[in-house]
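Work through the exercises below with the sequence and the model at hand. Try each task before reading its solution.

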Amino acid sequence: MAAFHATMFYKPFLPSLFLLVLFLPNLHITDAQVGVCNGRLGNNLPSDQEVVNLYKSNGIRRMRSYYPVPQALQALRGSNIELILDVPNSDLERLANNAPAAAKWVQDNVLNYYPDVKFRIIAVGNEVNPNGNETARLAPFVLPAMSKIYDAIASAGLKDQIKVSTATYPVLVNNSFPPSKGSFDGASGSFMRPIINFLKNTNNPLLFNIYPYFGHIGDPQNVPLPYALFTATRGFPQDGQYQYRNLFDAMLDNAYSAVEKAGGPNVVIVVSESGWPSAGGTAASVENARTYYRNLIDHVKGGNGSPKRPGRTIETYLFAMFDENQKTGAESEKHFGLFSPNRQPKYQLSFN
């Protein structure tokens, strides 16, 4: 996971009513599996085999992994855990300019383990932002790298089994409120529109990282804690025919609006990260994190979808499996784990 601690932009909807932030993810086509991201930025974390065993013993049947580590892929053999595997941002430029290098990446990190490892999606880059942050220089390489990874997977006859996408986040969406106004404009539009077109033409989803936590702490008066935690009971914002009872749905449908305007009305959004810290910042507590994770799991598994995409389950990956003591940035970033590094659960959760 990268810089998900992005600034959110808000506009009040109705006076003294909850407002919304941006973006994001969503629904799946089959079952409502909940996955967990396997962040590994810590010097005290369990071995790869112990991690896989912990996933299995807790009924977690989907994982997102941010780096193609041979030992981790070996540990996943025969586990039946479905995997989102990232192409790290550091590889984008090399793969974008070299089809044989992309084919070798797929051979080394996918085909050498398939079908013993159940690859679900290859995420080509995470939270690349063309708008002048530290990843801006990588923006021209995302789509070419996606295309070459896709071609390599298609050449192996696996394009229907293994999807290819990229993971983005709310800071790229303009007009965060109301959700129907979401759009990719300016540099974000020039970056995202060709990506959405590629996903549409190849029948692939868009990955989206969504964090109501940052929406709340960025504007706590307009985004009250209960609205971010799925516990609000009144004052729900209305957007045309749709009413928004929680911030997660509002951010998700804001993202769908942007994707539709970019030419992808049928592109599915997968929530590739969502979480809440248990310590280290405003509103970061074990109680709030427990409430968020429990309610998020119930919500995405419920089959109700979002107001804009009703009646569908929302494929969602919780961030993250462990607290990571080597994460940089705000102190809260070290405390998103569902488990402590000693493999003890922080919360009692029913994943699937």
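The exercises that follow concern a predicted model.

**Exercise 1. The core**

Task: Find which residues have the most contacts inside the largest nonpolar core, then list what Ile-122 is in contact with beyond its neighbours within four places in sequence.

Solution:
- Step one: the largest nonpolar core has 111 residues. Those with the most contacts inside it are Phe-119, Ile-122, Ile-149 and Phe-248.
- Step two: with neighbours within four places in sequence left aside, Ile-122 is in contact with Leu-85, Val-87, Trp-105, Val-110, Ile-149, Ile-153, Ile-162, Lys-163, Val-164 and Ser-165.

**Exercise 2. The largest cavity**

Task: State what lines the largest cavity, and which elements give two or more residues to that lining.

Solution:
- Step one: the structure has two cavities of 30 Å³ or more, and the largest holds about 50 Å³ of space.
- Step two: its lining is made up of Asn-38, Asp-48, Val-51, Val-52, Met-63, Ser-65, Ala-72, Ala-75 and Leu-76.
- Step three: helix H1 (48-57), strand S2 (62-65) and helix H2 (70-76) each give two or more residues to this lining.
- Step four: sorted by class, the lining has six nonpolar, two polar and one charged residues.

**Exercise 3. Strand S6**

Task: Decide whether the two faces of strand S6 (residues 206-209) are covered or open, and find in which sense S5 and S6 pair.

Solution:
- Step one: in a regular strand, side chains alternate between the two faces of the sheet.
- Step two: Leu-206 and Phe-208 are on one side of S6, with Leu-207 and Asn-209 on the other. All four of these residues are buried, and both faces are covered.
- Step three: strand S5 (residues 163-168) pairs with S6 in the parallel sense, over two bridges. Ala-167 of the model stands opposite Leu-207 in S6.

**Exercise 4. Backbone exceptions**

Task: Locate the cis peptide bond at Pro-178 and the one at Ala-320, then decide whether Asn-203 and Ala-283, which have positive phi, are exposed or partly exposed.

Solution:
- Step one: most peptide bonds are trans, and most residues other than glycine have a negative phi.
- Step two: Phe-177 and Pro-178 are joined by a cis bond with omega about -10°. Pro-178 sits in the loop between S5 and helix H6 (186-202).
- Step three: the cis bond between Phe-319 and Ala-320 has omega about 5°. Ala-320 lies in the segment after strand S10 (316-318).
- Step four: Asn-203, in the loop between H6 and S6, has phi near 60°. Its relative accessibility is 58%, so Asn-203 counts as exposed.
- Step five: Ala-283, in the loop between strand S9 (269-274) and helix H10 (286-301), has phi of about 65°. Its relative accessibility is 21%, so Ala-283 counts as partly exposed.

Note on methods:
Residues numbered from 1 in each chain as written. Predicted model: local features only at pLDDT ≥ 70, side-chain atom pairs only at ≥ 80, totals over all residues. Heavy atoms only, no water. Core = buried A, V, L, I, M, F, W, Y, C linked by side-chain atoms within 4.5 Å. Buried < 20%, exposed > 50% of the residue type's maximum accessible area, 1.4 Å probe, protein only. Contact = heavy atoms within 4.5 Å. 1 Å grid on protein atoms, 1.4 Å probe; cavity = no way out; pocket = protein on both sides within 12 Å on 5 of 7 lines; lining within 4 Å. Points joined across faces, edges and corners; volume = space filled by probe spheres on them. Helix = DSSP H or I, 4+ residues; strand = E, 2+ residues; numbered from the N terminus. Nonpolar A, V, L, I, M, F, W, Y, C, P; charged D, E, K, R; others polar. Pairing = 2+ DSSP bridges.
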